[in-house]
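Welcome to my notebook. I sat down with this structure and jotted what I looked up, step by step.

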Amino acid sequence: MSGVRVLVGTRKGAFIVTSTGKRKNWKVSGPHFGGWEIYHVNGSPADPDRLFASQSSGWFGQVIQRSDDGGKTWEPAGNEFAYEGEVGDHLWYDGKPRPWEFKRIWHFEPSPDDPDTVYAGAEDAAIFRSTDGAKTWQELPGLRTHESGPRWQPGAGGMCLHTIILDPVNKDRMFVAISAAGVFRTDDAGTSWQPINQGLRSEGIPDPNADVGHCVHRIALHPSRPDVLFMQKHWDVMRSDNAGESWREISGDLPTDFGFPIAVHAHEPETIYVVPIKSDSEHYVPEGKLRVYRSRTGGDEWEPLTTGLPQANCYHNVLRDAMAVDSLDPCGIYFGTSGGQVYGSADGGDTWAPIVRDLPAVLSVEVQALP
Amino acid sequence: MIRVVLPAHLKNLARVSGELRLEVTGSVTQRLVLDVLEAQYPMLRGTIRDRQSGNRRAFVRFFACEEDLSNESPDAPLPDRVVKGEEPLLIVGAMAGG
């Protein structure tokens, strides 16, 4: 591998941070789209120089940008996200029905095989697909029109579809996660969907077997074992060994099991990473210490990773899309904070250093290993 | 020739600077000017008017001749001085938020 490219979305623009495969010295490019919120930037595995960026603002709405040269230049792409057919209602915070209304794109998941195919997760929750390189978008309406849709409610951050995972083995299978509806799976390439939330326990939901209503913050899997899913729920870190049919808690000895991101080591499918946050009312790391926790046993037993991370007077948060792993050996891990730092580890999390600091608040981090 | 001034973020998006000058034929209304603007600069679609409803986005305002035209009918004629090119139509990002 000749290098890595870290794609950073922030509250006020996008940044691209690059290094050689040694991952020691970093070059920062940006801000791209300065002043706009960049919820996500992601690259196509089929053509790593093709990037997609979700650019939005409360004033001017949603813009989609595409680059075909690794982020050197960008062109606006299609930004029409129309819900298919009758829009219907979901539940609002007051428990009353409210029509679906498009607000923004939270996440892109490019196809591993085709640089023109990319999926997009929207708020209000829906999944869209483009097969022409983001010029036009079509909804996969079977998800939004699932019979449970009228019972979905927004989380504090909005009713967002924030995670899309394309099963690397079964091409007809996808997983998505929605706050605060839960996890859904399709086994027919997005035509029909089923909620897969059995075993999740959420305080405040009277029915412990509720099929929807769970505030799932993030899910992740290792490509070699696509039936094993890991989840950071609002509270609780969870695991499924049967493609989401059932879940069990693996929070174990974490100091707190509230958090947002979760990631899996690129080469060790039982090694996972979370960043515990104090609580849902205090969105910062506990005790003023920024600690990534690693489990090498697929959960339950966790160790704090602290070398190179601030261990006093740190009160940052790490958002759900702001952690990523590269595919080099040793595996690199990266995460961005609400304080504008992006930390990287080139040794699986044993040691850390900022690859860039003092950016606007970080919303998302992705990484590409470049040939 | 209709003169239009975009807010800074939309100038950057459309890769223009200064005032735009648009050839608009027929009865000059807010809707027609925006239709011509979006046809010429398609990347602006959805940034001034909602893509689905066609309504002005909440934090975008229209001013001309020292008047706030934001809540005028999109089909109302624009002021004469705008039609004659003596004054620009100002598209403004509302001062909102922090």
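These entries go through the pockets and then the contact between the chains.

**Before starting.** I kept in mind that this is a predicted model.

**Entry 1, the largest pocket.** I looked up its volume and found about 1400 Å³. Which residues lie nearest its centre? I noted Pro45(A), Glu109(A), Leu221(A), Pro223(A) and Glu366(A), out of 45 lining residues. Next I checked the strands: β4 (37-43), β10 (104-110) and β30 (362-370) of chain A are among those that each supply at least two residues of the lining. By type, I counted 25 nonpolar, eleven polar and nine charged residues in this lining.

**Entry 2, the second largest pocket.** Here the volume is about 800 Å³. I found 31 lining residues, with Ala156(A), Cys215(A), His217(A), His234(A) and Arg320(A) closest to the centre. The lining splits into twelve nonpolar, ten polar and nine charged residues.

**Entry 3, where the chains meet.** I turned to chain A and chain B, and saw that each gives 17 residues to the contact. Together they bury about 1400 Å², with 52% of that on carbon and sulfur atoms.

**Entry 4, pairs across the interface.** How many salt bridges are there between chain B and chain A? I got two. One I looked up pairs Glu80(A) with Arg51(B), whose closest N and O atoms are 3.3 Å apart. I also noted eight residue pairs in polar contact across this interface. On the side of chain B that touches chain A, helix α1 (residues 8-14) of chain B gives the largest share, three residues. That side of chain B divides into eight nonpolar, five polar and four charged residues.

Note on methods. Residues numbered from 1 in each chain as written. Chains lettered and ligands numbered in written order. Predicted model: local features only at pLDDT ≥ 70, side-chain atom pairs only at ≥ 80, totals over all residues. Heavy atoms only, no water. 1 Å grid on protein atoms, 1.4 Å probe; cavity = no way out; pocket = protein on both sides within 12 Å on 5 of 7 lines; lining within 4 Å. Points joined across faces, edges and corners; volume = space filled by probe spheres on them. Helix = DSSP H or I, 4+ residues; strand = E, 2+ residues; numbered from the N terminus. Nonpolar A, V, L, I, M, F, W, Y, C, P; charged D, E, K, R; others polar. Contact = heavy atoms within 4.5 Å. Buried area = accessible area lost by both parts, 1.4 Å probe. Salt bridge = Lys/Arg side-chain N within 4 Å of Asp/Glu carboxyl O. Polar contact = N/O pair within 3.5 Å; in protein donor to acceptor, adjacent residues only side chain to side chain.
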